[in-house]
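Work through the exercises below with the model open. Try each task before reading its solution.

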Amino acid sequence: MSEKQPTSNPEEEPKIPQIESSPEEIGKLRILQIREKYLQPLEGEIEKTPEEVRFITKANEWIEQELKELQIDTRPTRIKPEQVHILSDAGWETEAGWGNHDDAYNKAYGNTIIIHSERVQGQLERMAIILHEAIHLQSHHKFRTNEDPSYRDGYMAENQSHETSFEGFNEAVVEGLTMHLMYNHEKELESEFKIDLENLNDNLFNYRNYVDLLSLIVTDVAKKKGESMEVVRDKILRGLFSGETIHLQDIEETYGRTALQVINYLGVEGKSQKVFNFFSEKDDDKRNIIAEEILKKTSQ
Ligand SMILES: [Zn+2]
């Protein structure tokens with residue numbers, strides 16, 4: 001009814017001035033223009049509660065603290081409350097399109113988080129989603145360069161044909177950190193946000209079964225390498241923000257040389273359950289058979 005009109009029509013995005021700029025400078029300019037758009041309310045914007053606004057600041061602090069603990073030497077990207085948009089169904093359609101059935105997503109270019117108001121109801125659900133997407137943004141900003149058109153977000157990479165790899169594994173790591181931070185800060189959630197901690201449980205988290213898989217991998221790798229689970233976990237977390245991937249070889253060492261190809265199918269329809277079976281199987285021969293089933297090319 002009183003929906004605000006977007007301040008700028010996406011079709012009429014300001015033209016890039018014809019100045020002698022390097023491609024890199026033009027890239028930066030475009031990013032600034034897009035960021036400017038997402039600092040304003042969007043069509044169908046639902047006003048955030050004061051708690052949601054305060055939580056966005058809190059999420060930044062938690063992530064920064066985590067980066068410090070992981071000894072990640074990077075300037076953390078803070079997300080402003082104005083850059084988080086909770087949209088009505090109509091607003092979502094305009095912004096995300098008809099076909100987008102997600103609950104929320106982030107757009108690294110705009111440094112923005114978009115949430116579907118009806119699909120993510122409840123204060124705590126929204127907080128968990130905001131934190132999850134903010135972690136994605138933080139992990140992404142490390143990698144983006146203007147010269148490289150491929151897209152990388154933590155462990156997930158997308159090539160120019162929009163083929164992605166390690167998408168499910170990336171979600172597992174991001175959600176694992178989200179859950180860790182939420183549970184670790186439960187006292188703050190209770191005292192500062194008046195959250196009833198009975199509602200803080202694993203069901204809040206969309207990718208909790210991926211996180212279970214990740215925990216299984218961390219346990220097995222720790223045993224194989226003779227390291228503590230904390231050491232293994234921190235290496236995986238650091239990779240999310242640093243781009244290091246060398247430690248993934250430990251997963252191959254633990255489960256065999258197909259393990260990383262298999263993990264690529266986490267989240268792929270019709271294959272995901274088999275990925276769980278692969279990592280749960282203790283017998284090498286049986287595990288190899290499962291890997292063959294996952295990796296065999298389908299005729300489609
Ligand atoms: Zn995600």
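The exercises cover a sheet, a buried strand, a core contact and a helix in this predicted model.

**Exercise 1. Lay out the four-stranded sheet and find its edges.**

Solution.
- Start with the order. The sheet is open, and its strands run 1-2-4-3 with mixed pairing.
- Next, find the edges. Strand 1 (45-46) and strand 3 (104-107) each have a single partner strand, so one side of each is left without a neighbour in the sheet.
- Now take the pairing of strand 2 (residues 84-87) with strand 4 (residues 112-116). These two run parallel and are joined by four bridges. Val-84 stands opposite Ile-113 of strand 4.
- Then take strand 3 with strand 4. They pair in the antiparallel sense, again over four bridges. Here Asn-106 has Ile-113 as its bridge partner.
- Last, look at the hairpin of strand 3 and strand 4. Four residues lie between the strands, and Asn-111 takes a positive phi near 45°.

**Exercise 2. Decide whether the faces of strand 4 are covered or open.**

Solution.
- Recall the rule. In a regular strand, side chains alternate between the two faces of the sheet.
- Sort the residues. Thr-112, Ile-114 and His-116 lie on one side, with Ile-113 and Ile-115 on the other.
- Check burial. Both sets are buried, and both faces are covered.
- Conclude. Five of the five residues are buried, so strand 4 is largely enclosed by the rest of the structure.

**Exercise 3. Place Ala-59 and list what it contacts.**

Solution.
- Locate it. Ala-59 is in helix 2 (residues 50-69).
- Test burial. The cut-off is 20 or more other C-beta atoms within 10 Å. Ala-59 has 27, so it counts as buried.
- List contacts beyond four places in sequence. They are Ile-130, Leu-131 and Ala-134.
- Check one distance. Ala-59 and Ala-134 are 75 residues apart along the chain, yet their C-alpha atoms are separated by 7.4 Å.
- Follow Leu-131. Beyond four places in sequence, Leu-131 touches Thr-178, Leu-181 and Met-182 as well as Ala-59.
- Step back to the largest nonpolar core, which has 60 residues. Ile-130, Leu-131, Ala-134 and Val-173 have the most contacts inside it.

**Exercise 4. Check the length of helix 8 against its residue count.**

Solution.
- Count. Helix 8 (residues 229-242) has 14 residues.
- Predict. At 1.5 Å a residue, the helix should span 20 Å.
- Compare. Its end C-alpha atoms are 20 Å apart, which agrees.
- Add burial. The buried residues are Val-232, Arg-233, Lys-235, Ile-236, Leu-237, Leu-240 and Phe-241.
- Look just past the end. Gly-243 takes a positive phi of about 85°.

Technical notes:
Residues numbered from 1 in each chain as written. Predicted model: local features only at pLDDT ≥ 70, side-chain atom pairs only at ≥ 80, totals over all residues. Expected span 1.5 Å × (residues − 1). Buried ≥ 20, exposed ≤ 12 C-beta atoms within 10 Å, placed from the backbone. Core = buried A, V, L, I, M, F, W, Y, C linked by C-beta atoms within 7 Å. Contact = placed C-beta atoms within 7 Å. Pairing = 2+ DSSP bridges.
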